[in-house]
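Reader: I would like to go through the labels attached to this structure and hear the reasoning behind each of them.

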Amino acid sequence: FGYEQNHFEMAKSIGEMVLFPAVRKTASDTLVVAPGTSCRHHINQNTARKVWHPAEILYQALNA
């Protein structure tokens, strides 16, 4: 949805309502996790934070 040209600004505006500010307020060592590809990209692009897929976190936990 958010990657379609005519929805991009709307998706960004929605993210700025709560999600992006909340992510920006978290400590830099807090893991930000989202299962959706577009969700991860939007969060990363708008907050400059690394966003993990849940499977990546599980993989790290199993191989620690």
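The conversation below takes up a salt bridge, a surface patch and a backbone angle.

Author: Please keep in mind throughout that this is a predicted model.

Reader: What makes the contact of R24 with E16 a salt bridge?

Author: The closest N and O atoms of R24 and E16 are 2.8 Å apart, and because the cut-off for such a pair is within 4 Å, the contact counts as a salt bridge. A search of the whole structure finds one salt bridge.

Reader: Why are R24 and E16 called partly exposed?

Author: The relative accessibility of R24 is 41% and that of E16 is 31%; since buried means under 20% and exposed means over 50%, with partly exposed in between, both values lead to the label partly exposed.

Reader: Which residues make the nonpolar surface patch, and how do you know that I14 is accessible enough to belong to such a patch?

Author: The patch, of about 430 Å², is made by M10, I14, M17 and V18. I14, which lies in helix α1 (residues 8-17), has a relative accessible area of 46%, and because patch residues need over 30%, I14 meets that requirement; with the same value it is classed as partly exposed.

Reader: What is notable about the phi of A48, and why is A48 called exposed?

Author: A48 has a positive phi of about 60° although it is not a glycine, whereas most residues other than glycine have a negative phi. A48 is found in the loop between α3 (37-47) and β2 (51-52), and its relative accessible area is 70%, so with the cut-off for exposed set at over 50%, the label exposed follows.

Notes. Residues are numbered from 1 along each chain as its sequence is written. This is a predicted model: local features need pLDDT of at least 70, side-chain atom pairs count only at pLDDT 80 or more; totals for chains, interfaces and linings use all residues. Side-chain values use heavy atoms; hydrogens and water are left out. Helices (H or I, at least four residues) and strands (E, at least two) are DSSP runs, numbered from the N terminus. Buried means under 20% relative accessible area, exposed over 50%, partly exposed in between (1.4 Å probe, protein chains only). Patches are made of residues with over 30% relative accessible area and no salt bridge: like charges are joined within 9 Å, nonpolar side chains (Val, Leu, Ile, Met, Phe, Trp, Tyr) within 5 Å. Accessible areas come from the Shrake-Rupley method with a 1.4 Å probe; for residues, only the protein chains shown count as cover. A salt bridge is a side-chain nitrogen of Lys or Arg within 4 Å of a carboxyl oxygen of Asp or Glu.
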